[in-house]
Amino acid sequence: MNNCKSFDLQLRRWRFTSLLVTLLSSFLAAPGNGQYCGRVGDTGGYLNARYGYSMTYDGGWHRLHISPREDDFRLTCRDTVVVSGTVLDFKYADVEGARSYVDSLRIAAIWKASLFCGADGPDGSSYCEEPTRIEVLSGVGDPPVLRFYQKFVREDFVDEKVTRTERQVGPYYAIDISQKGVERFLLLTSEVHRDASEEYLDALSAIVGSIRVVDSPFLVQ
């Protein structure tokens with residue numbers, strides 16, 4: 001009986017210590033506390049066993065947020081999104097007319113990125129037109145990696161007149177992470193509807209270069 005009480009007491013102390021450390025860490029790294037978000041020599045890592053990929057990113061008080069389904073993530077600095085990513089299966093996009101595997105990746109990635117742009121309201125609407133630039137960054141025999149920019153169009157309705165504004169958004173990166181017969185890709189950008197700053201471009205390209213496909217027994221089919 002005494003051994004059980006001793007174990008229960010130790011367990012409670014461990015839980016309290018763990019909670020205290022978590023609370024202190026959250027306070028110290030909380031956005032708005034003036035902490036530096038940049039290269040300070042620390043590197044974070046993330047392994048997604050559910051979809052079979054891994055990546056690394058700069059530390060410096062950046063915070064990584066993972067969605068409950070693990071199919072989205074956001075890397076933030078003081079509540080500002082630096083890099084966001086989402087996983088998508090090819091089967092959800094209409095790629096029947098694709099001329100090649102890379103072309104199917106292009107079609108699926110542009111379709112997904114365009115979904116972020118679309119919005120309709122009583123005072124206006126927004127959408128993305130065809131990409132302004134598309135580049136294949138991968139070498140022969142490597143998993144396909146695409147980079148592209150889009151033209152974001154906003155139309156405002158004022159006094160029965162339509163005011164149209166355009167701007168470039170991106171870059172978007174589409175990285176093939178297919179394996180075990182499941183065709184899917186990871187779509188990365190600095191933040192939808194935004195043209196990435198030079199600082200965020202560095203963070204984005206560094207993450208893209210660190211992406212690795214991981215053979216995982218937990219891979220979702």
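## Nonpolar cores

In this predicted model, the largest nonpolar core comprises 23 residues, and those with the most contacts inside it are Tyr53, Val83, Leu186, Leu188, Ile207 and Ile211. At least two residues of this core are supplied by each of β2 (53–58), β4 (72–77), β5 (80–89), β9 (161–176), β10 (184–189) and α3 (198–210), and the largest share, five residues, comes from α3.

Isoleucine 211, when residues up to four places away in sequence are not counted, touches Tyr53, Ser54, Met55, Ile175, Ile177 and Leu186. A second core, separate from the one described above, has 18 residues, among them Ala93, Ala109, Leu146 and Leu187.

## The sheet and helix α2

Eight strands form an open sheet in the order β3-β4-β5-β10-β9-β8-β7-β6, with antiparallel pairing. Because β3 (63–66) and β6 (119–121) stand at the edges with a single partner strand each, one side of each is left without a neighbour in the sheet. From one strand to the next, the twist averages 20°.

The antiparallel pairing of β3 with β4 extends over four bridges, and histidine 65 stands opposite arginine 74 in β4. Helix α2 (residues 101–117) packs on the sheet, where it touches β5, β6, β7 (124–136), β8 (145–158), β9 and β10, and its direction makes about 30° with that of β8.

## Threonine 86 in strand β5

Threonine 86, which lies in strand β5, has a relative accessibility of 7% and therefore counts as buried. A polar atom of the threonine 86 side chain lies 3.5 Å from the backbone oxygen of aspartate 71. With neighbours within four places in sequence left aside, threonine 86 is in contact with Asp71, Asp72, Lys112, Phe116, Phe185, Leu186 and Leu187.

Conventions: Residues are numbered from 1 along each chain as its sequence is written. This is a predicted model: local features need pLDDT of at least 70, side-chain atom pairs count only at pLDDT 80 or more; totals for chains, interfaces and linings use all residues. Side-chain values use heavy atoms; hydrogens and water are left out. A nonpolar core is a set of buried Ala, Val, Leu, Ile, Met, Phe, Trp, Tyr and Cys residues joined through side-chain atoms within 4.5 Å. Buried means under 20% relative accessible area, exposed over 50%, partly exposed in between (1.4 Å probe, protein chains only). Contact means heavy atoms within 4.5 Å. A polar contact is a pair of N or O atoms within 3.5 Å; within protein, one must be able to donate a hydrogen and the other to accept it, and residues adjacent in sequence count only if both atoms are side-chain atoms. Two strands pair if DSSP finds at least two bridges between them. Axes are lines fitted to C-alpha atoms, for helices over the stretch in contact, and angles run from 0 to 180 degrees between N-to-C directions.
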